[in-house]
Amino acid sequence: MNAARTVAVIFRREFAGYFASPVAYVFLIVFLALAGALTFFIGNFFQRNQADLDSFFVFHPWVYLFLMPAIAMRLWAEERKTGTVELLFTLPIATWHAVAGKFLAAWLFAGVALALTFPIWITVANLGAPDHGPIIAGYIGSFLMAGGYLAIGSCLSATTRNQVIAFVLAAIVCFAFSMAGAEVVLGPIRDILPQDFVNLVASFSFLNHFAEMRKGVIDLRNLLYFLSVIGVFLFATVLVLDLKKAE
Amino acid sequence: MIEVQSLTKHFGPIRAVDGVSFSVGKGEVLGFLGPNGAGKSTTMKMITGFITPTAGTAAVCGHDIRTAPIAAKSRIGYLPEGAPLYADMTARGFLNFIGASRGLRGAERAKAVDRVVEIAQLKTVLDQPIETLSKGFTRRVGLAQALLHDPDVLILDEPTDGLDPNQKHHVRQVINDMAPDKAIVISTHILEEVHAVCSRAMIIDHGRLLADSTPAELEARAQHHNTVTLRTLAMPPDGERAALGQLDGVIEIEAGGSAGEPVFRVIPQEGANVLPAVTAFVAEKGWQVDELRLEQGRLDDVFRELTAAAAAGRDAEAAQ
């Protein structure tokens, strides 16, 4: 059977799985409420008096920091806990088929959540005459960033059978990736390591790459950055799962 | 159809499976027996490709599970221990998912699902979420998914565990019906099951094979195999009892009941069948017989003797 079809089979089951419990709806409501509240109350959407969605997108890394690990934590930890992982890995499918299918399901679910914020776009379009370029770039960037966080979450979910541990570990690693460009992380490194290394760490920052995108710059480098983060962490997920088989 | 070569698995310092080799051909039903933690499930998990062996390998229909896992897995139907299933799905949705991931599509898949629903008798619960099903039905859904692609090789880890007697009987019936065209491995610790379904039995303990033969041959190893138990209405005279002990092939006569009860066990020499001689003797002396029985030897006894002997061997090794 070809790989795309297998991935699609896993993807469909996993995606439907999100909606099989009320957790999905709770998640969507929390996400929308949080994104809205931060935009209007902390981001001062109206007071800024500007027809753009910068005060909406600027909080996405922080919202994702907790919500993406929450989506990703069940990917593998739950399968291990219930033992269904044994069923899954004795089917004639490759490990990466399952990893890709599950990740795509989580990513599309995050995409649904993001898409449901469309009223804010309509709002800004009605109130003023926004430049739609940066808004589209912001949505694309936000979606890619969500994928990055989810890939990290997928990898850490594969390491444990406990969803809470998977969540905490993923939140910590996601935080490190978000803050890689900030002085909090760079300051201590600068004292002990050469400048080249500091620049390297800074270049790993989700915040910096996303900031460029929400300004309206869809640079190939930024796209490649998020896609490689996703690729690297999904590859790591496959490695972790194969390693666990040999343990 | 299944070739297992010196399969070994270490978990840290523990040797869960230690150089196990065997092969299973078409038409065979192999029963895996052993105490809990003997390595039965670990062996099955390695054959099905869920865990990677420390050493050795297994091949299914000629496909090595380490070098061609997908080809090997597509020929295996596997029921893992405890029958883990996606609890949030309906039985129908679950079977469709398994069918799709095994490459069955459209009408072919619908036919396959119908077939296993019939075999496992799931018609009444098809549209219920699996988490609402009873243990018996859950196990049968697990069995149904293992049969869905009509595999050449079936590996069932405790298929009747937790079922009621009727359901057990049904599952054994299903296994017996399929046996001629497949190679089947089941694990169990219910010894009567071995009689009911297995053409061959293997006893495994601490990761090592202790015995591999037919259930009847295993029973022949039992201490009381071919012993004749005799109960008479009245206590026969001492002299005649002694004469019974002198018959050809008889080693000795044991008292079989409590003191004074007219119950005797006639212990034969190994391989000898003394029942005809005993019958003739009893008729000749005119004893009034209440019960006359040839003991088959019990699998339980063989199982205990073998595993206890292996444990003693390990203790002796450890003491050196």
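The following paragraphs describe the sheets, helix packing, aromatic contacts and nonpolar cores of a predicted model.

In chain B, six strands are arranged as an open sheet in the order S6-S7-S8-S3-S9-S10, with mixed pairing. The edge positions are taken by S6 and by strand S10 (208-213) of chain B, each of which has a single partner strand, so one side of each is left without a neighbour in the sheet. From one strand to the next, the twist of this sheet averages 15°. Within the sheet, strand S3 (residues 29-33) of chain B and strand S8 (residues 183-188) of chain B run parallel and are joined by five bridges, and Val29(B) has Ile184(B) as its bridge partner in S8(B). Two helices of chain B lie across strands of this sheet: helix H5 (residues 135-147) crosses S6 and strand S7 (153-157), running at about 170° to S6(B), while helix H6 (residues 165-178) lies across S3, S7 and S8 and runs at about 155° to S8(B).

Chain B also contains an open sheet of four strands, ordered S12-S13-S11-S14, in which the pairing is antiparallel. Strand S12 (250-255) and strand S14 (289-294) of chain B are at the edges of this sheet, and each has a single partner strand, so one side of each is left without a neighbour in the sheet. Neighbouring strands are turned against each other by 15° on average when direction is ignored. Strand S11 (residues 228-232) of chain B is connected to strand S13 (residues 263-268) of chain B through four bridges, the two strands running antiparallel. On this side of S11(B), Val228(B) has Val266(B) of S13(B) as its bridge partner, and Leu230(B) stands opposite Phe264(B), likewise in S13(B). Helix H9 (residues 238-245) of chain B packs on the sheet, where it touches S11, S12 and S13 of chain B, and its direction makes about 140° with that of S12(B). Helix H10 (residues 275-285) of chain B also packs on the sheet, touching S11, S13 and S14 of chain B, with a direction at about 165° to that of S14(B). The pairing of S11(B) with S14(B) is antiparallel and extends over five bridges, and Arg231(B) has Glu291(B) as its bridge partner in S14(B). S11(B) is mostly covered, with four of its five residues buried.

Nonpolar side chains of soluble globular proteins tend to be buried together. In the present model the largest nonpolar core has 150 residues, and those with the most contacts inside it are Leu88(A) and Phe94(B). Helix H9 (residues 132-157) of chain A supplies the largest share of this core, eleven residues. When neighbours within four places in sequence are left aside, Phe94(B) is in contact with Leu87(A) and, in chain B, with Leu85(B), Tyr86(B), Met89(B), Ile130(B), Val141(B) and Gln145(B). A second, separate core of eleven residues includes Leu244(B), Phe264(B), Phe281(B) and Trp287(B).

Over all chains, the structure holds 26 aromatic pairs. One of these is formed by Tyr86(B) and Phe97(B), whose rings are arranged edge-to-face, at 5.8 Å centre to centre and with 80° between the planes. This pair links distant parts of the chain, eleven residues apart, with Tyr86(B) in the loop between strand S6 (76-79) and helix H3 (91-101) of chain B and Phe97(B) in helix H3 of chain B. Both Tyr86(B) and Phe97(B) are buried. In chain A, one aromatic cluster is formed by Phe31(A), Tyr64(A), Tyr149(A), Phe177(A), Phe206(A), Tyr225(A), Phe226(A) and Phe233(A).

Charged side chains are also placed over aromatic rings in chain A. The charged end of Arg74(A) sits over the ring of Tyr18(A), at 4.6 Å from its centre, and Lys102(A) lies over the face of Trp76(A), 4.8 Å from the ring centre. In chain B, Lys45(B) has its place in helix H1 (residues 40-47); with a relative accessibility of 18%, Lys45(B) counts as buried, because the limit for that class is under 20%. Residues up to four places away in sequence not being counted, Lys45(B) touches Glu86(A), Phe50(B), Ile51(B) and Tyr78(B). Although 112 residues separate Lys45(B) from Asp157(B) in sequence, the two are 9.4 Å apart in space, C-alpha to C-alpha.

Terms used
Residues are numbered from 1 along each chain as its sequence is written. Chains are lettered from A and ligands numbered from 1 in the order in which they are written. This is a predicted model: local features need pLDDT of at least 70, side-chain atom pairs count only at pLDDT 80 or more; totals for chains, interfaces and linings use all residues. Side-chain values use heavy atoms; hydrogens and water are left out. Two strands pair if DSSP finds at least two bridges between them. Axes are lines fitted to C-alpha atoms, for helices over the stretch in contact, and angles run from 0 to 180 degrees between N-to-C directions. Contact means heavy atoms within 4.5 Å. Rings of Phe, Tyr and Trp (its six-membered ring) pair if their centres lie within 6.5 Å; planes under 30 degrees apart count as stacked, over 60 as edge-to-face and the rest as tilted. Buried means under 20% relative accessible area, exposed over 50%, partly exposed in between (1.4 Å probe, protein chains only). A charge sits over a ring if NZ of Lys or CZ of Arg is within 6 Å of the ring centre and within 35 degrees of the ring normal. A nonpolar core is a set of buried Ala, Val, Leu, Ile, Met, Phe, Trp, Tyr and Cys residues joined through side-chain atoms within 4.5 Å.
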